[in-house]
Amino acid sequence: SFDVFSQKVMDYYPRLKAAHSNVEIALAQKMQAEAGFWPSLGLSAGYRVSNEPVDVFGMLLRQERFTSADFDLKRLNNPDRHQDFSVGLHAEFPLFDALQTIGRTRAARENLKAAETDAAFTGMEALLIAEDAYLSAVALETLSTIVDEVRQSSDEDLKKATDLKDRGMIQGADYYSARVMFGDLTRTKNEIRCQKKAMRALLNILMGEPANKEWTLSTSLEEGVLSSPDTAALMDAAFEGRPDLQALDAREKALEAELSREGSTSLPNVNLFADATNDRDRIRSTGGSNYMVGVKVGVPLFDPSKKGRVEEARDRKERMAQDIQRFKDTVRRDIVEAAARHEALRENLPLLKAMTEDAKEALSLVLPLYNEGRKSIADVLEVRQAYLRSAEGYARAVMEVWTSEARLLFLTGRLNRETMNTLAREGSF
């Protein structure tokens, strides 16, 4: 059934899996951006040996081993070799970072929203591809049945005509014209058979199955009740609900946050810091413990690259705004074309159905005339061909109407499992 097929397509569709991975990446980037609000904590350890006077003097003080004897000038100028084992803990608390973390977080949140809406759009894309492929396969199954029926009946007619020709009861021109038409039916049958084989392989590929896997396809497809689309309402729905447009809007807001962040880099950075250390001359000794707490303020007095960074961020935002406007124009054009095609299909569907019924009626009328000798075998096969063309047009039109309905839902951002299931119920596929 279509429900099982579409679910398998959704589960396998590689682009949808990639889109979900992009959501996870964007979520991780958001976590990284928000980490700027949190303090950092680091542990350090070191060992050194030195007889450098100032360093030895500092070692003795930090290790709390300094004595009055160490003020001796000889020991100060030419100290003995000393060693130091040190362990330290450093913590830094951001109080104000020139709005950089706020800007990165805003951008990351918008990029996460863009990734999520991209994934939603890719899911819509997978559903549309699934429906189009499935209904194409259904249409080919229907056409195959019609062609087989027409060809079998034509074959029986031609065999009778061959017997009559051998007895000289029909004209050769009519007979050979009928054979040409029968050959065309055989060609059509071969083409549809190959198309069915290729389409089944395509459906297997879309499901992630081996291309030659066999399965049974439901061939039921109904006209349903179709409404005339309102182009203006479709455009309004698209601009309000299309996930890809929402993704572009989110990316524009992310670029706006980046522009604001770059413009704030001239503000000061204020950080609270704390250090705690332990220094000792031997590992097993107690040594000396020390701490330092303070506030660091950094002010960029001259940043030659800031102007270029701000201009680049502004240009990126402006380019995105142009891309969004161009994309909206594309959406409008696609909706106008899809709505016009849907309207033509909707209007032609009853006409094609009536043509098929008329062709059936013509066939029922021409056969008695042929049996009476008032019509030729060429006339019979010509009517059968007319029936085949109208039945083929009707079968394809039914399929195209439902794919057109799904495309309108796709273009307006309303295609999802629920709306697709509604279409499937109405079309009985």
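**Strands**

I began with phenylalanine 273, and found that its place opposite is taken by glycine 294 in strand E4. The model is predicted, and I read every entry below with that in mind. E4 covers residues 288-298 and runs antiparallel to E3, with 11 bridges between the two.

I then went to the pairing of E3 with E2. E3 spans residues 269-280, and 12 bridges join E2 to E3, again antiparallel. Two of the pairs I looked up are on record here. Histidine 90 has aspartate 275 as its bridge partner in E3. For leucine 89 the partner in E3 is alanine 276.

Next I took E1 and E2. E1 is residues 40-50 and E2 is residues 82-97; the two run antiparallel and are joined by 11 bridges. Glycine 42 stands opposite histidine 90 of E2. I noted that histidine 90 thus turns up again, having been listed with aspartate 275 in E3.

**Aspartate 84**

I stayed in E2 and looked up aspartate 84, which is found in that strand. Is aspartate 84 buried or exposed? Its relative accessible area is 0%, so I entered it as buried. I then listed what it touches, leaving out residues up to four places away in sequence: Gly46, Tyr47, Arg48, Met59, Gln63, Asp279 and Arg280. I also checked one distance: methionine 59 is 25 residues away along the chain, and the two C-alpha atoms are separated by 6.7 Å.

**Valine 54 and glutamate 64**

Valine 54 lies in helix H3, residues 53-62. I entered valine 54 as exposed because its relative accessible area is 62%, and the cut-off for exposed is over 50%. I compared its place with that of threonine 105: the two are 51 residues apart in sequence, and C-alpha to C-alpha they are 46 Å apart in space.

After H3 I looked at the loop that leads to helix H4 (73-77), where glutamate 64 lies. Glutamate 64 has a phi near 60°, which is positive, and the residue is not a glycine. I wrote this down because most residues other than glycine have a negative phi. Glutamate 64 has 55% relative accessibility, so it counts as exposed.

**Leucine 99**

I found another positive phi at leucine 99, about 65°, also in a residue that is not a glycine. Leucine 99 is in the loop between E2 and helix H5, and H5 covers 100-166. At 33% relative accessibility I put leucine 99 down as partly exposed.

**Glycine 208**

I moved on to the loop between helix H6 (172-207) and helix H7 (231-241), where glycine 208 is found. Its relative accessibility is 38%, so it counts as partly exposed. How far apart in space are glycine 208 and proline 14? I have 9.4 Å from C-alpha to C-alpha, for a pair that is 194 residues apart in sequence.

**Serine 376**

Serine 376 is in the loop between helix H9 (306-371) and helix H10 (377-411). Its relative accessibility is 14%; the cut-off for buried is under 20%, so I entered serine 376 as buried. Not counting residues up to four places away in sequence, serine 376 touches Asp174 and Tyr370.

**The whole chain**

I left the totals for the end. I have 11 helices and 4 strands for the protein chain. The radius of gyration is 40 Å, whereas a compact globule of 429 residues would have one near 22 Å. I also noted the box that the C-alpha atoms fill along the principal axes, roughly 140 × 45 × 35 Å.

Of the 429 residues, 39% are buried. The accessible surface comes to about 24,200 Å², and carbon and sulfur atoms hold 54% of that. For contacts between residues at least 6 apart in sequence, I have 83% joining residues at least 24 apart.

Last, I looked up the charges. The chain has 59 positive and 68 negative side chains. The centres of the two sets lie 4 Å apart.

How values were computed
Residues are numbered from 1 along each chain as its sequence is written. This is a predicted model: local features need pLDDT of at least 70, side-chain atom pairs count only at pLDDT 80 or more; totals for chains, interfaces and linings use all residues. Side-chain values use heavy atoms; hydrogens and water are left out. The radius of gyration is taken over C-alpha atoms; the globule rule is 2.2 Å times the number of residues to the power 0.38. Buried means under 20% relative accessible area, exposed over 50%, partly exposed in between (1.4 Å probe, protein chains only). Contact means heavy atoms within 4.5 Å. Accessible areas come from the Shrake-Rupley method with a 1.4 Å probe; for residues, only the protein chains shown count as cover. Lys and Arg count as positive and Asp and Glu as negative; His and the chain ends are not counted. The place of a charge is taken as NZ of Lys, CZ of Arg, CG of Asp or CD of Glu. Two strands pair if DSSP finds at least two bridges between them.
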